[in-house]
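Q: I am new to this structure and should like to learn how to read its features. Could we take them one at a time?

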Amino acid sequence: MSEFTRNDQELRRFEELEQLRAAGINPYPPVFEKTHSSSSILSTFSDDQPEILNDVTVAGRIMAIRKMGKATFCHIQDAEGKIQIYLKKDDLPIFYEYLHLLDIGDIIGITGYVFRTRTGEVSVHARSAMLLCKSLTPIPIAKEETDEHGNKIIHDAFADKELRYRRRYVDLIVNPQIRDTFRKRSKIISTMRRFFDDQGWMEVETPILQPLYGGASARPFVTHHNALDIELYLRIALELYLKRLIVGGFEGVYEISKNFRNEGMDKTHNPEFSMLEIYIAYKDYIWMMEMTEQLISTISQETNGSQTVEINGKTIQLAPPYRRASMFDLLSDATGMNLRNLTRDELHSAARKLNVEVESTASQMKILDEIFSECVQPSLIQPTFVMDFPVEMSPLAKAHRTEPGLVERFELYVNGSELTNCFTELNDPIDQRKRLEEQAASRADGDDEAMTLDEDFLYAIEVGMPPTAGLGIGIDRLVMLLTGEESIRDVLFFPQMKPL
RNA sequence: GAUCCCGUAGCUCAGUGGUAGAGCAUCUGACUUUUAAUCAGAGGGCCGAUGGUUCGAGACCAUCCGGGAUCACCA
């Protein structure tokens with residue numbers, strides 16, 4: 001980036017690097033053996049028995065230097081936090097000679113004993129010190145102050161959102177509190193895996209590059225395979241391949257992986273995003289509701305040590321059971337109208353009465369969806385299973401066992417947004433073909449998000465899939481819920497950005 | 001795609017028509033338990049880009065580029 005226009009601070013660091021090399025110091029040694037982390041020292045230290053920590057070796061990035069002539073204090077930051085280092089010229093005659101060549105951002109290793117300073121901070125008094133990595137470009141310096149009320153004040157924080165996303169590695173150094181979000185993300189996914197593995201369900205991998213895409217309504221990314229000279233699509237969902245594996249005889253399979261959708265970006269959409277999909281043979285969506293409750297509450301407990309989360313002053317209760325309500329009951333509760341089995345014209349006039357704006361060309365499903373999004377969805381703060389959708393909205397879900405025109409499907413809403421999607425999977429090959437042919441027809445009519453007709457998938461369903469329940473969870477949104485982050489960009493290390 | 005806001009030093013920001021500023025960071029000096037260390041001094045800028053108005057533009061106008069927020073699209 002600044003490859004050709006180094007600023008004065010960078011140029012000076014290059015000079016320092018040469019001086020260090022000239023002095024016989026390797027600025028990039030290959031290995032360093034730590035014995036302690038910053039947090040382990042801080043939690044172990046005892047004023048009564050300081051000798052317990054008489055010989056510790058720590059390493060980290062220099063975040064602050066306070067030089068006082070023949071003694072210097074600095075703070076180093078490692079994966080777990082910061083600790084103060086006390087460097088005294090008398091104890092480190094050689095290291096102290098080139099201390100002036102070190103900067104904030106450099107990584108050093110220290111061996112010494114732990115003590116408490118006069119002002120009360122547990123610190124490492126260095127007996128030896130060495131440079132582990134010379135930093136050639138300055139990082140923004142955030143300074144923290146604690147005022148008389150104990151409030152933490154941060155000065156000169158690295159706050160430019162764009163730069164923070166583009167240079168996440170700097171963000172992670174300078175704003176280490178965001179590491180917690182990503183630790184939680186990792187914990188959420190590992191807890192999920194363990195939950196499934198404990199049940200004997202198998203993690204699988206299916207193609208990302210697909211000759212046909214399906215399993216959701218979305219526009220795909222297109223790429224090209226040179227050797228075969230064909231177009232390939234980046235998958236928009238995992239569903240159709242995972243169902244093929246249920247056909248193949250596995251009775252519980254799941255995949256946690258990226259999906260790709262070629263659509264707009266905003267606070268809840270990134271072009272690539274992480275999904276869990278899981279399919280369990282011989283189960284239905286009622287069973288899957290209970291499983292989902294157990295899964296979400298377990299993940300919350302493991303991640304936050306609690307089954308409630310606070311978001312914008314709202315306390316959200318994630319302990320089971322969750323409210324269950326049919327889509328049309330929720331609609332009639334919210335609007336005072338029965339919207340089931342209405343014609344398109346009737347739905348248009350209902351939308352007008354409700355002040356819900358819809359395009360004049362909107363289909364029945366589109367209008368229902370709009371009314372639901374406007375009138376019902378924002379009120380679904382506590383976890384709610386919204387059940388039993390119109391068949392036209394769900395071409396891969398099984399017809400409802402008692403309600404004509406509906407399918408056995410639920411979406412779990414929490415804090416006003418959709419978190420999961422589930423159905424009793426359609427395994428009637430005749431019905432499945434009919435539904436996908438209808439999709440193909442609306443596709444031919446210009447709906448470029450309607451599903452494509454995947455003959456091989458239909459063949460698999462004809463071979464025969466046992467009764468099966470399937471569940472999808474948007475991992476990023478789950479992470480947002482459990483970390484309180486309001487933008488998907490804040491739960492992705494490297495959100496999609498426009499190229500510079 | 002629409003509307004609003006933003007773009008000035010490495011970072012955070014001030015500067016509403018008259019010689020480019022502050023704090024931190026950086027450099028020099030002092031200081032052997034400091035902690036936003038302190039004290040004394042110094043360097044650092046194509047004010048996002050281009051065009052215009054003006055005697056004079058960082059500021060006003062236009063266009064463009066980049067970003068943010070809200071909305072629309074999108075599950």
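Q: The model is a predicted one. What span should the 15 residues of H1 have at 1.5 Å a residue, and how far apart are its end C-alpha atoms?

A: The idea is to set an expected length beside the one found in the model. At 1.5 Å a residue, H1 should span 21 Å, and its end C-alpha atoms lie 21 Å apart, so the two values agree.

Q: Which residues of H1 are buried, and which are exposed?

A: An α-helix has 3.6 residues a turn, so residues three or four places apart point the same way. In H1, the buried residues are Glu-10, Arg-13, Glu-16, Leu-17 and Leu-20. These lie on the same side of H1 because they cover an arc of only 110° around the axis. Asp-8 and Ala-22, on the other side of H1, are exposed.

Q: Which strand is part of what covers the buried residues of H1, and which residue takes a positive phi just after H1?

A: Strand E5 (122-133) is included in the cover over these buried residues. Just after H1, Gly-24 has a positive phi of about 85°.

Q: How many residues surround RNA strand B, and which are the closest?

A: One begins with the residues around the strand and then asks which parts of the RNA they meet. Here 50 residues surround RNA strand B, the closest being Thr-119, Ser-217, Glu-263, Asp-369 and Arg-489. Of the RNA strand B atoms that come within 4 Å of the protein, 55% belong to sugar and phosphate.

Q: How do the residues of that surface divide by character, and which element supplies the largest share?

A: The surface near RNA strand B consists of ten nonpolar, ten polar and 30 charged residues. H1 gives the largest share, four residues. Other elements that each supply at least two residues include strand E1 (56-67), helix H11 (364-376) and strand E18 (409-414).

Q: Which part of RNA strand B is 2.7 Å from the side chain of Glu-121, and which is 2.2 Å from that of Glu-263?

A: Such a pair is read by naming the atom on each side. For Glu-121, a base nitrogen of RNA strand B is 2.7 Å from a side-chain N or O atom. For Glu-263, the partner is a sugar or linking oxygen, at 2.2 Å from a side-chain N or O atom. Glu-411 also has a side-chain N or O atom 3.2 Å from a base nitrogen of RNA strand B.

Q: Where does Thr-111 lie, and which side chain does it join by a polar contact?

A: Thr-111 belongs to strand E4 (residues 107-116). Its side chain makes a polar contact of 2.9 Å with that of Thr-57.

Methods. Residues are numbered from 1 along each chain as its sequence is written. Chains are lettered from A and ligands numbered from 1 in the order in which they are written. This is a predicted model: local features need pLDDT of at least 70, side-chain atom pairs count only at pLDDT 80 or more; totals for chains, interfaces and linings use all residues. Side-chain values use heavy atoms; hydrogens and water are left out. A residue is near a molecule or strand if one of its heavy atoms lies within 4 Å of it. A polar contact is a pair of N or O atoms within 3.5 Å; within protein, one must be able to donate a hydrogen and the other to accept it, and residues adjacent in sequence count only if both atoms are side-chain atoms. Ala, Val, Leu, Ile, Met, Phe, Trp, Tyr, Cys and Pro count as nonpolar, Asp, Glu, Lys and Arg as charged, and the others, Gly among them, as polar. The expected span of a helix is 1.5 Å times one less than its number of residues. Buried means under 20% relative accessible area, exposed over 50%, partly exposed in between (1.4 Å probe, protein chains only). The arc is that of the directions from the helix axis to the C-beta atoms. Contact means heavy atoms within 4.5 Å.
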